[in-house]
Amino acid sequence: MAIKRPLRSKFIFYLILSALFLTVFGSLDTYRVASKELKIDLLLRSKVLSSAIHQSSMIANNMQELELVAEKILSSNPAINTLIILSADNSRAVYEVHTKSYSKEVSMLLKHAAKSVLKSTDPSARLVENNSLFSIVPSNAPLKKKISNSKADTQHQHSSRDSSLKGHHKEPASSAKVSLHEPKTLTENNSTESVAHAGAVLFAFDQQMIQSDIFALLWRILPTTLTGVSLMILLCYLFLHMLVIKPLSAIKVTMLLQQNGVESARAPAQSSIEIDVMSKTLNRMLDTMREHENVIKAMAMTDSLTGLANRTLFQSKLEQAIKQAVLQQQRFAVFYIDLDKFKLVNDQYGHLAGDKMLKEAAKVLTDHTREMDTVARLGGDEFAIIALQATDITAIQLRLENIISGIAWACHFSDSDINTGASIGVAFYPNDALEPDELMKRADSALYQAKSEGRGVYHFYCEKTA
């Protein structure tokens with residue numbers, strides 16, 4: 001069996017789940033974008049640094065000055081752990097320097113990647129990523145060479161350049177490992193030697209430092225993201241409460257009031273079309289149920305033949321009348337009515353005639369009953385009336401006489417010698433009795449006295465004649 005939970009709890013659960021998914025997805029996408037942007041920035045920085053190296057080689061008087069430029073570049077760019085300058089034909093390294101995080105494997109991988117890139121037809125700078133991040137910036141044009149500060153003729157300049165090139169061949173630059181903190185050059189014995197043509201510039205970046213920069217960016221963005229997600233959850237919950245939970249709560253309150261007996265309770269109109277339709281449907285259902293209940297109550301509380309109150313309703317009305325009389329310190333009367341010769345009519349003319357006689361008698365009783373009084377058929381040919389505020393005995397006597405004469409006239413059969421009519425016994429509250437059953441017994445006793453006096457008369461209860 002599925003566990004049932006409140007709509008609010010389910011909505012918040014799925015909202016938080018969605019928010020976490022969006023946060024993770026957004027963080028991953030942010031990481032992807034940040035990584036891409038950072039790599040583009042590294043490539044642009046590589047181009048700028050390569051340009052600076054080439055410019056420095058154009059104005060440097062010797063290799064030592066170029067080394068100082070390279071060291072400054074490394075010190076101002078901690079993400080770079082390897083810097084390699086190739087010769088003009090990109091066949092060999094004329095300068096190579098590393099930081100403490102240097103490894104020979106990184107240097108070999110960088111040179112191998114540079115060979116593949118420089119052999120391609122696309123001479124543009126690019127990043128190569130293979131466990132490590134490399135930037136390879138080819139040189140589009142050979143740079144001018146510089147000689148030492150000594151004033152010499154053109155021939156001496158050529159011999160100086162040849163001497164420099166020979167020096168490079170004697171000590172291959174590719175084997176040189178220069179630390180940033182303990183710089184060594186390929187031509188450390190010829191620090192005044194002129195700078196040769198420079199080719200492509202190669203950079204190896206510290207992946208851990210780059211990752212740290214990306215994660216630092218994510219941590220700066222994460223609080224803003226979480227704040228936005230929290231506000232989204234809060235707003236969604238407020239909208240849910242305002243548009244769904246609150247209207248449904250109003251409908252729930254209506255149903256609880258109905259359950260507690262408040263028959264007039266109805267669901268209020270709502271701003272949302274769907275929930276408003278639900279409210280109207282509920283109200284129509286309640287109205288229909290109320291109509292059906294009224295019909296059922298009427299059937300349960302009224303006599304199906306005459307439409308008068310039945311014995312059950314009469315008993316309830318009698319109890320209410322006693323309570324009202326106690327509060328208002330008033331008295332009322334009970335008329336106990338029995339039709340005369342009803343059994344003879346049934347036997348002689350059949351039950352249809354008997355039913356007609358009952359209906360006519362009920363009509364006469366209703367016509368001579370005030371709106372605040374109650375007329376009931378107790379069963380068979382017995383009727384009863386609760387006459388409230390019965391203080392005028394003369395008026396009561398006139399009313400009783402009109403009932404008896406009215407029933408005698410309405411129930412008369414022209415082709416029969418049966419003289420129909422009614423006999424009435426009267427008892428008063430609180431003079432004759434204080435309890436409902438006792439009061440009806442007193443009225444019944446008075447009726448018996450009326451019938452014994454010859455029928456077609458009324459009789460007030462009296463203890464002497466009871």
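**Exercise 1. In which loop is the place of Pro430, and what is the form of the peptide bond from Tyr429 to Pro430?**

Solution. The model is a predicted one, in which local features need pLDDT of at least 70 and side-chain atom pairs count only at pLDDT 80 or more, while totals for chains, interfaces and linings use all residues. Residues are numbered from 1 along each chain as its sequence is written, and side-chain values use heavy atoms, with hydrogens and water left out.

Step 1. Pro430 has its place in the loop between β10 and α11 (436-452); here helices (H or I, at least four residues) and strands (E, at least two) are DSSP runs, numbered from the N terminus.

Step 2. The peptide bond that leads from Tyr429 to Pro430 is cis, and its omega is near 5°. As background, most peptide bonds are trans.

**Exercise 2. Describe how Tyr429 pairs with Phe332, and then turn to the other rings.**

Solution. Step 1. The structure holds 7 aromatic pairs, where rings of Phe, Tyr and Trp (its six-membered ring) pair if their centres lie within 6.5 Å, and where planes under 30 degrees apart count as stacked, over 60 as edge-to-face and the rest as tilted.

Step 2. Because the ring centres of Phe332 and Tyr429 are 5.3 Å apart and their planes meet at 20°, this pair is stacked. Since Phe332 belongs to strand β7 and Tyr429 to strand β10, the pair ties together parts that are 97 residues apart in sequence.

Step 3. Phe332 is buried, with a relative accessible area of 1%, and Tyr429 is buried too, at 7%; buried means under 20% relative accessible area, exposed over 50%, and partly exposed in between (1.4 Å probe, protein chains only).

Step 4. Tyr458 and Phe460 form an edge-to-face pair, with 5.7 Å from centre to centre and 80° between the planes, and ring pairs link these two residues with Phe428 into a cluster. Arg331 lies over the face of Phe428, at 4.7 Å from the ring centre, given that a charge sits over a ring if NZ of Lys or CZ of Arg is within 6 Å of the ring centre and within 35 degrees of the ring normal.

**Exercise 3. Which elements each supply at least two residues of the largest nonpolar core?**

Solution. Step 1. The largest nonpolar core (a set of buried Ala, Val, Leu, Ile, Met, Phe, Trp, Tyr and Cys residues joined through side-chain atoms within 4.5 Å) has 29 residues, and those with the most contacts inside it include Phe335, Leu365 and Phe383.

Step 2. The elements that each supply at least two of its residues are β7 (332-340), α8 (342-349), α9 (351-367), β9 (382-387), α10 (393-410) and β10 (421-429), and the largest share, 7 residues, comes from α9.

Step 3. Leaving aside neighbours within four places in sequence, Leu365 is in contact (heavy atoms within 4.5 Å) with Ile337, Val375, Phe383, Ile385, Ile403 and Ile407. Apart from this core lies another, of 27 residues, among them Ile80, Leu83, Ala198 and Ile214.

**Exercise 4. Why is strand β6 largely enclosed by the rest of the structure?**

Solution. Step 1. In strand β6 (residues 198-205), 8 of the 8 residues are buried, and the strand is therefore largely enclosed by the rest of the structure.

Step 2. β6 pairs with strand β1 (residues 80-87) in the antiparallel sense over 6 bridges, and 5 bridges join β6 to strand β4 (residues 132-137), again with antiparallel running; two strands pair if DSSP finds at least two bridges between them.

Step 3. Phe203 of β6 is the bridge partner of Leu83, and Phe203 is likewise the bridge partner of Ser135.

**Exercise 5. Locate Lys341, Gln389 and Val457, and describe their settings.**

Solution. Step 1. Lys341 lies in the loop between β7 and α8, has a positive phi near 60°, and is partly exposed at 32% relative accessibility.

Step 2. Gln389, in the loop between β9 and α10, has a positive phi of about 50° although it is not a glycine, and is partly exposed with a relative accessible area of 39%.

Step 3. Val457 lies in the loop between α11 and β11 (458-460) and is partly exposed, at 27%. The C-alpha atoms of Val457 and Ile404 are separated by 7.1 Å, although these residues are 53 residues apart along the chain.
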